[in-house]
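Here is a short briefing on one protein model. Keep the structure open as you read.

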Amino acid sequence: MSFASPLWLLLLPAVAALAVAAWRRPGGAPGVRYSVAGDAAALQTTGWARLRGLPEALLLAALALGTVAMARPQVRDASVERSTEGIDIVLALDVSTSMTAEDFVPNRFEAAKAVAAEFVRGRESDRIGLVVFAAQAYTQAPLTLDYPFLLTMLQEVRMGLIEDGTAIGTALATATARLRDSEAASKVVILLTDGQNNRGQVDPQTAAEAAAALGVKVYAIGVGGDGFARSFGPFGGLGPRAEVDETALQGVAETTGGRYFRATDAQALREIYDEISRLERTETEETVLLDVEERYPVFLWPALLCLVASVVLSSTRLREVP
């Protein structure tokens, strides 16, 4: 319980002081003057005589209760309504054989899957989809809020199911198509690759311009270390350093209003996803609903009853005569 006008409560000590003063005030036994003492001796003390101080006590109670009522006691019930405006995100993951390079632990492909899974677990109220690509691209999971399902589909991604190659333009076009009918305030594609566009019918820049036209922002991530790395592709053995087409990926990102990142190890990749999470936060609006219930009648009505009772008793059965 709280009070809307708590300053009125400062009067309560004054009421308490009046009560103490009334209690300590000296006074004799009640009596009436009689001309014949014998007649007075025959009278007995009644219960009403013992209640001679009741009107004053009721008046003090009325003052105390009235003071509390003037302070306007209230009970407040606050509730919070939260509304979120989610983001639609499509992860486009390169599954070409060059992703088996072991400059990441255990390799680029497994590291990319693990960090993407951490990213999914850190989102709230955002629909996320998954597109995988090599020489072609296909949708592994549509936009969904079912994160356990999405994580399962991410875990089931395998290499070798698609003809080898790197169709970056096709992958971006496929991911953009997943966002075509989205009504989200922010639409994002996170495109991860370690190579250059060498397959597919769609040029990356053309796909980027189409994405920009649909309001889709692209965050491009180039993965791969600067040195040589062992690979288990069709040629196996020690492979060349990553051949990321950074110029093309930067152009794609800039065209759509996004950013390009380069990850040379798993920790750097994790930090990139963290940075994207900070850049693409879900906006949450909170509305506080305050329900105030006035409780002053609980004190006001008893105060009035005490006041009326005091006046009535002091004017009738407990009336004092000179």
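Glycine 257 sits just after helix H9 and takes a positive phi of about 85 degrees. Helix H9 itself spans residues 246–256. The model is predicted, and every value here is computed from it.

**Helix H9**
- Leu249, Gly251, Val252, Ala253 and Thr256 are buried in H9.
- The buried residues of H9 pack against two helices, H7 (168–178) and H8.
- They also pack against the strands E6, E7 and E10 (259–263).

**Strand E6**
- Strand E6 covers residues 186–193 and is mostly covered, with eight of its eight residues buried.
- Ser186, Val188, Ile190 and Leu192 point one way from E6.
- Lys187, Val189, Leu191 and Thr193 point the other way, and they too are buried.

**Neighbours of E6**
- Strand E3 (residues 87–94) pairs with E6 in the parallel sense, over seven bridges.
- Valine 90 has valine 189 of E6 as its bridge partner.
- Strand E7 (residues 216–223) also runs parallel to E6, and seven bridges join the two.
- Leucine 192 has isoleucine 221 of E7 as its bridge partner.
- From E6 the chain passes through helix H8 (residues 204–213) to reach E7, and this β-α-β crossover is right-handed.

**The nonpolar cores**
- Which residues touch the most other members of the largest nonpolar core? They are Leu91, Ile190, Leu192, Ile221, Leu269 and Tyr273, out of 41 residues in that core.
- Several elements each supply at least two residues of this core, among them E3, E6, E7, E10, strand E4 (127–133) and helix H10 (266–279).
- Helix H5 gives the most to this core, with eight residues.
- A second, separate core has 24 residues, including Ala92, Val189, Ala207 and Ala211.
- Leucine 91 is in contact with Ile190, leaving aside neighbours within four places in sequence.
- On the same terms, the contacts of leucine 91 include Ala116, Phe119, Val120, Ile128 and Leu130.

**The whole protein**
- The secondary structure comes to eleven helices and eleven strands.
- Of the 322 residues, 39% count as buried.
- Among contacts with a separation of 6 or more, 80% join residues 24 or more positions apart.
- The protein exposes about 18300 Å², and carbon and sulfur atoms supply 55% of that area.

Technical notes: Residues numbered from 1 in each chain as written. Predicted model: local features only at pLDDT ≥ 70, side-chain atom pairs only at ≥ 80, totals over all residues. Heavy atoms only, no water. Buried < 20%, exposed > 50% of the residue type's maximum accessible area, 1.4 Å probe, protein only. Helix = DSSP H or I, 4+ residues; strand = E, 2+ residues; numbered from the N terminus. Pairing = 2+ DSSP bridges. Right-handed = clockwise from strand over helix to strand, strands pointing away. Contact = heavy atoms within 4.5 Å. Areas by Shrake-Rupley, 256 points an atom, 1.4 Å probe, with all protein chains shown as cover. Core = buried A, V, L, I, M, F, W, Y, C linked by side-chain atoms within 4.5 Å.
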